[in-house]
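Hi,

Here is the structure I promised to pass on. Have a look at it first, and my notes on what turned up follow below.

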Amino acid sequence: MRRDPRRVPAASNVLVVGALASGLGLAAPALAASSSPTTVPRAALAGPAVPAAAPAPSPLPPPPSSQPTASQPPITDPSADPGDSGDASAPAPSETPAPTSAIPSTAAVAVPRATDESAKPAGATADPPPPPSDPHDPNQPPGYANGFHFGSYGRVIAAGDAAGRPGRDADIVSRGSRLDESNYAELELRREDYWKKTGAYTRIVATTAFANPVFHYNGQFAASIALRNLYLEETGLGAKGLSVWAGSRMYRGDDIYLLNFWPLDNLNTIGGGLGYAFGEARRTSLKFHAGLNQPTDPYYRQTVLRAPPQNQFGETEVALLDRQKLISSLKLSHTWPLGEAGGVKGILYGEFHYVPDGQREVESKVYEALPKDFGFVAGGQVTAFTGKRSTYLTVTGRFAQGLAAYGELNAPTQLRPNRRTTGAHELIVTLSGNWEKGPVGVMFGGYYRQFRNASKQLDFDDVNEGIVIARPTVWFGQLAGLSLEGSYQMQQRGVLQEIDTNTFKPVIAGLGRVGIIPFITPGGAGGFQRPHIRFIYALTVRDAGARSFYAADDVFSRRSVDHFIGMGAEWWFGSTSYFRD
């Protein structure tokens, strides 16, 4: 989670959310339930009952609820037998998707109130009574329900090394262990409604993210804030399986939790999209999206000073180069159910990136033409899952060519002489999974990545890298646990180093890490169960190649052994950023 990239809001932000909810009519008990580990039954939010003499017709059943990624995965029932035998419950999946036929029934989801009051039949004084509902686990994805809802992802840590310096990320690969990631939090407020006139559902989502540092660390009354989601989604408008959305959105699929990495599809986009789920079981879905962005870089935008019109005094700024990048994506997925709750999910995925031509000024009144450029992504994913205890195995492959090899929010570097990205490419292959039985579990992951920029000559930006990582865990009852984590990562850069007179070899770096993480949690056993309060100790051993990646006088360039010691917390609940559509 990524859930990036990915940090904790001050307490005043919670008050702001509370005040906003109060001003919009959210009752205090409902707000308290949204921000506490134990939520109230949804019936409490469904509105008053209709008198028996004049029942109104029930709306259509709600569409399938959004499903979570590995950052919001299946939760083991604490009351269940710690062994696997007889556990036939159908958990909401993470990287382990449950069969789409396992849709929450209307008996488990409160029927939302109609927003269109004029659509009530004559004589009806209120909306239909909701069906019986059960207390909702905050780590499970909700279905659509009327009213305001609050969700969050967050992590916060106070840490240092053995010499008193602040804790610091020690990974050398682009996606390493998340043990030493910095503070980060997302606060989500959303509004969900059922529209009786059309039988459609809407969801409006606003997610604010807060990045490190926080006030209580540096004493600066300032924050690094980003708006990660601001969009409207409509479901069931015109067709039962159809969904349409527009706005600014984190648009992504399954992640590798240990690496905070979405290997197949992870777009930050402003635009819109539509999707269609086929059949009653919704096992097949097709989604299309298109959006625009303009990263802050001279490749996309250049401003120059020019005389103002009509001989006015001074100078004015003019955007000489001002081009946007178009990114579109297409995703086809299907789930084949196996056994009581297991199955296999397959995904085919593609992207298209395009930037138009333009011109920029290289010196006064001397211009350079920039040609249009494009790129594509092609990839796929296969996930096998048991549907029990979050057990799954996922394989992913992704290839990007041209402009798309640099990512959606980056500007290309090291271009060809014709100033295009022809020849740039990125290949990623990943393996990840989780296994749990009784009081033990093992989570693991790894990837290999090869990146080449558009220049034909190798340089420092050209890289081969990879990591393998595993985290075995043992739970002590339902209150606490102990995780161990081990990883090894290597990276090779496209430059040579002289090891002897006139003898050169590629720069290759290696790094090993071992960590121990005791934790307590109110949610019971489960590798993806949160919240956690935890202690972290990580030992890092780097070779000479890894030390050579740091500048002179950087302590990482001098140390072959490092320690990371910290205490912190991590949580997630009710956030659409970590649901899978």
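Before anything else, one term: a charge counts as sitting over a ring if NZ of Lys or CZ of Arg is within 6 Å of the ring centre and within 35 degrees of the ring normal. With that in mind, go to R168, whose charged end sits over the ring of F556, 4.0 Å from the ring's centre. You'll find another such case at R323, which lies over the face of Y299 at 4.5 Å from the ring centre. Please keep in mind while you look that this is a predicted model.

Now for the overall picture. The chain has 581 residues, and buried ones make up 50% of them. Its secondary structure comes to 5 helices and 24 strands. About 26,100 Å² of the chain is exposed, and carbon and sulfur atoms supply 62% of that area.

Next, the inside. In soluble globular proteins, nonpolar side chains tend to be buried together. Here, the largest nonpolar core has 28 residues. If you want a way in, start from I172, Y257, L259, F261, Y447 and F528, the residues with the most contacts inside that core. Two or more core residues come from each of β18 (440-452), β19 (463-476), β21 (503-520) and α5 (555-558). There is also a second, separate core of 18 residues, with V205, Y231, I347 and A404 among them.

Not every nonpolar side chain is tucked away, though. On the surface, V244, L274, Y276, F278, L286, F288, L330, L332 and L348 form a nonpolar patch, and together they have about 780 Å² of accessible area. Three strands each supply at least two of the patch residues: β7 (266-278), β8 (284-293) and β11 (325-338). The one that gives the most is β7, with 3 residues. For a single example, try L286, which is found in strand β8. Is L286 buried or partly exposed? Its relative accessible area is 34%, so L286 counts as partly exposed.

On to the aromatics. The structure holds 18 aromatic pairs. One of them is Y153 with W572, a stacked pair with 6.3 Å from centre to centre and 15° between the planes. This pair links distant parts of the chain, as Y153 is in strand β2 (residues 147-160) and W572 is in strand β23 (residues 561-573), 419 residues apart. Both Y153 and W572 are buried.

Compare that with Y231 and W245: their ring centres are 6.2 Å apart and their planes are at 70°, so this pair is edge-to-face. Y231 lies in strand β5 (residues 224-235) and W245 in strand β6 (residues 242-252), so the pair ties together parts that are 14 residues apart in sequence. Y231 and W245 are both buried. You met Y231 above, as a member of the second core.

Y153 and W572 also belong to one aromatic cluster, along with Y184, Y257, Y392 and F528. Of these, Y257 and F528 are on the list of residues with the most contacts inside the largest core.

Last, the charges. The structure holds 31 salt bridges. In one of them, E181 pairs with R155, the closest N and O atoms being 3.5 Å apart. E181 is in the loop between β2 and β3 (184-195), while R155 is in strand β2, 26 residues apart. Both E181 and R155 are buried.

Another salt bridge joins the side chains of E570 and R178, at 3.1 Å from N to O. Here E570 is in strand β23 and R178 is in the loop between β2 and β3, with the two positions 392 residues apart in the count along the chain. Both E570 and R178 are buried.

A further bridge runs from E368 to R419, with the closest N and O atoms 3.8 Å apart. It links strand β14 (residues 366-370), which holds E368, to the loop between β16 (392-402) and β17 (425-437), which holds R419. E368 has a relative accessible area of 19% and so is buried, whereas R419, at 28%, is partly exposed.

Finally, salt bridges that share partners join R155, R178, E181, R530, R534 and E570 into one network.

Happy browsing!

Key: Residues are numbered from 1 along each chain as its sequence is written. This is a predicted model: local features need pLDDT of at least 70, side-chain atom pairs count only at pLDDT 80 or more; totals for chains, interfaces and linings use all residues. Side-chain values use heavy atoms; hydrogens and water are left out. A nonpolar core is a set of buried Ala, Val, Leu, Ile, Met, Phe, Trp, Tyr and Cys residues joined through side-chain atoms within 4.5 Å. Buried means under 20% relative accessible area, exposed over 50%, partly exposed in between (1.4 Å probe, protein chains only). Helices (H or I, at least four residues) and strands (E, at least two) are DSSP runs, numbered from the N terminus. Patches are made of residues with over 30% relative accessible area and no salt bridge: like charges are joined within 9 Å, nonpolar side chains (Val, Leu, Ile, Met, Phe, Trp, Tyr) within 5 Å. Accessible areas come from the Shrake-Rupley method with a 1.4 Å probe; for residues, only the protein chains shown count as cover. A salt bridge is a side-chain nitrogen of Lys or Arg within 4 Å of a carboxyl oxygen of Asp or Glu. Rings of Phe, Tyr and Trp (its six-membered ring) pair if their centres lie within 6.5 Å; planes under 30 degrees apart count as stacked, over 60 as edge-to-face and the rest as tilted.
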